[in-house]
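Here is a set of questions and answers on one protein. Keep the sequence and the structure in view while reading.

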Amino acid sequence: RAFAIIDKLQARLEQVQSAGPEPVAVVGMACRFPGADTPEDYWKLLCEGREALREVPKDRWDQARFHHSDPHQPGKICFARGGFLDQVDGFDASFFGISPREAEALDPQQRLMLEVTWEALERAGIRPETLYGSQSGVFVGIGGSDYSLLRLYSGKYEDVQVYDGTGN
């Protein structure tokens, strides 16, 4: 009986594999890159071969305090320029149904991911409520956990809250 089941499954697998890949449609796209807030801006930046690096914005950190030309200098960075996004602090938590307390613990990368995902749906002309129960997916990329490390090593352990685990 087991061999019959294996034969049946093998035949089904061969049938699926011979059918070839299923079609995929990319219907909406959005992004945030240094120097480019839209896919069109990013493509233009690439085509023109422009550099998106710039000096550290004054509201990020005191460049004079942390910069040192020696890369082995403890507690210092040796680069005077970097890739920075603008307006990373303009998150509308209530729009996404997130409480102010939860939003405070939410990594800015996750905030951006929510905004950019929503923008991709808007650019595609898709109302999110129409996706419930559909065969669709949203695929995003995100990396790093700087915000959680910043909060963890702040030394303010009394500020640790329930949302720190889920927001980072």
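Q: Where is the place of Val-26?
A: The model is predicted. Two helices, α1 and α2, flank the segment that holds Val-26. The place of this residue is in the loop between α1 and α2.

Q: Is Val-26 buried or exposed?
A: A residue counts as exposed when its relative accessible area is over 50%. Val-26 has a relative accessible area of 66%, so it is exposed.

Q: What distance separates the C-alpha atoms of Val-26 and Ala-124?
A: Along the chain, Val-26 and Ala-124 are 98 residues apart. In space, their C-alpha atoms are separated by 9.0 Å.

Q: Which residues form a nonpolar patch on the surface?
A: The patch has about 350 Å² of accessible area together. Val-24 lies in the loop between α1 (2-18) and α2 (39-48), and its relative accessibility of 73% makes it exposed. The patch is formed by Val-24, Val-26 and Met-29.

Q: How many helices and strands does the protein have, and in what order do the elements run?
A: From the N terminus on, the order is α-α-β-α-β-α-α-α-α. The count is 7 helices and 2 strands.

Q: How is the pair of Phe-33 and Tyr-42 classed, stacked or edge-to-face?
A: A pair of aromatic rings is described by the distance of the centres and the angle of the planes. For Phe-33 and Tyr-42, the centres are 4.1 Å apart and the planes stand at 25 degrees. Planes under 30 degrees apart count as stacked. The pair of Phe-33 and Tyr-42 is therefore stacked.

Q: What are the relative accessibilities of Phe-33 and Tyr-42?
A: Partly exposed residues fall between the cut-offs of 20% and 50%. Phe-33 is partly exposed, at 33%. Tyr-42 is also partly exposed, and its value is 29%.

Q: Which residues do ring pairs link into a cluster?
A: A search of the whole structure gives 6 aromatic pairs. Ring pairs join four residues into a cluster: Phe-91, Phe-95, Phe-96 and Trp-118.

Q: How far apart are the closest N and O atoms of Arg-81 and Glu-51?
A: The structure holds 6 salt bridges, and Arg-81 forms one with Glu-51. This pair links distant parts of the chain, 30 residues apart: Arg-81 sits in strand β2 (residues 81-82), Glu-51 in the loop between α2 and β1 (54-55). A salt bridge needs the nitrogen and oxygen within 4 Å. The closest N and O atoms of this pair are 2.5 Å apart.

Q: Which residue of the Arg-81 and Glu-51 pair counts as exposed?
A: Arg-81 has a relative accessible area of 42%, so it is partly exposed. At 52% relative accessibility, the residue that counts as exposed is Glu-51.

Q: Where do Asp-86 and Arg-54 lie?
A: Asp-86 and Arg-54 form a salt bridge, with the closest N and O atoms 2.7 Å apart. The two residues are 32 apart along the chain. Asp-86 lies in the loop between β2 and α4 (100-105), and Arg-54 in strand β1.

Q: What is the relative accessibility of Asp-86 and of Arg-54?
A: Both residues count as partly exposed. The value for Asp-86 is 47%. The value for Arg-54 is 29%.

Q: Which residue meets Glu-129 in a salt bridge?
A: The N to O distance is 2.7 Å. Glu-129 is partly exposed, at 42%. Its partner is exposed, with a relative accessible area of 54%. That partner is Arg-127.

Q: What distance separates the C-alpha atoms of Asp-92 and Arg-111?
A: Asp-92 is in the loop between β2 and α4. It counts as partly exposed, at 41% relative accessibility. Asp-92 and Arg-111 are 19 residues apart along the chain, and their C-alpha atoms are separated by 8.8 Å.

Q: What share of the 168 residues counts as buried?
A: The protein exposes about 13,200 Å², and carbon and sulfur atoms supply 56% of it. Buried means under 20% relative accessible area. The buried share of the residues is 18%.

Q: In which helix is confidence lowest, and in which is it highest?
A: The average pLDDT is 85, and 83% of the residues score at least 70. The lowest mean, 63, belongs to helix α7 (residues 163-167). The highest, 96, belongs to α2.

Technical notes:
Residues are numbered from 1 along each chain as its sequence is written. This is a predicted model: local features need pLDDT of at least 70, side-chain atom pairs count only at pLDDT 80 or more; totals for chains, interfaces and linings use all residues. Side-chain values use heavy atoms; hydrogens and water are left out. Rings of Phe, Tyr and Trp (its six-membered ring) pair if their centres lie within 6.5 Å; planes under 30 degrees apart count as stacked, over 60 as edge-to-face and the rest as tilted. Buried means under 20% relative accessible area, exposed over 50%, partly exposed in between (1.4 Å probe, protein chains only). Helices (H or I, at least four residues) and strands (E, at least two) are DSSP runs, numbered from the N terminus. Accessible areas come from the Shrake-Rupley method with a 1.4 Å probe; for residues, only the protein chains shown count as cover. Patches are made of residues with over 30% relative accessible area and no salt bridge: like charges are joined within 9 Å, nonpolar side chains (Val, Leu, Ile, Met, Phe, Trp, Tyr) within 5 Å. A salt bridge is a side-chain nitrogen of Lys or Arg within 4 Å of a carboxyl oxygen of Asp or Glu. pLDDT is the predictor's confidence in each residue, from 0 to 100.
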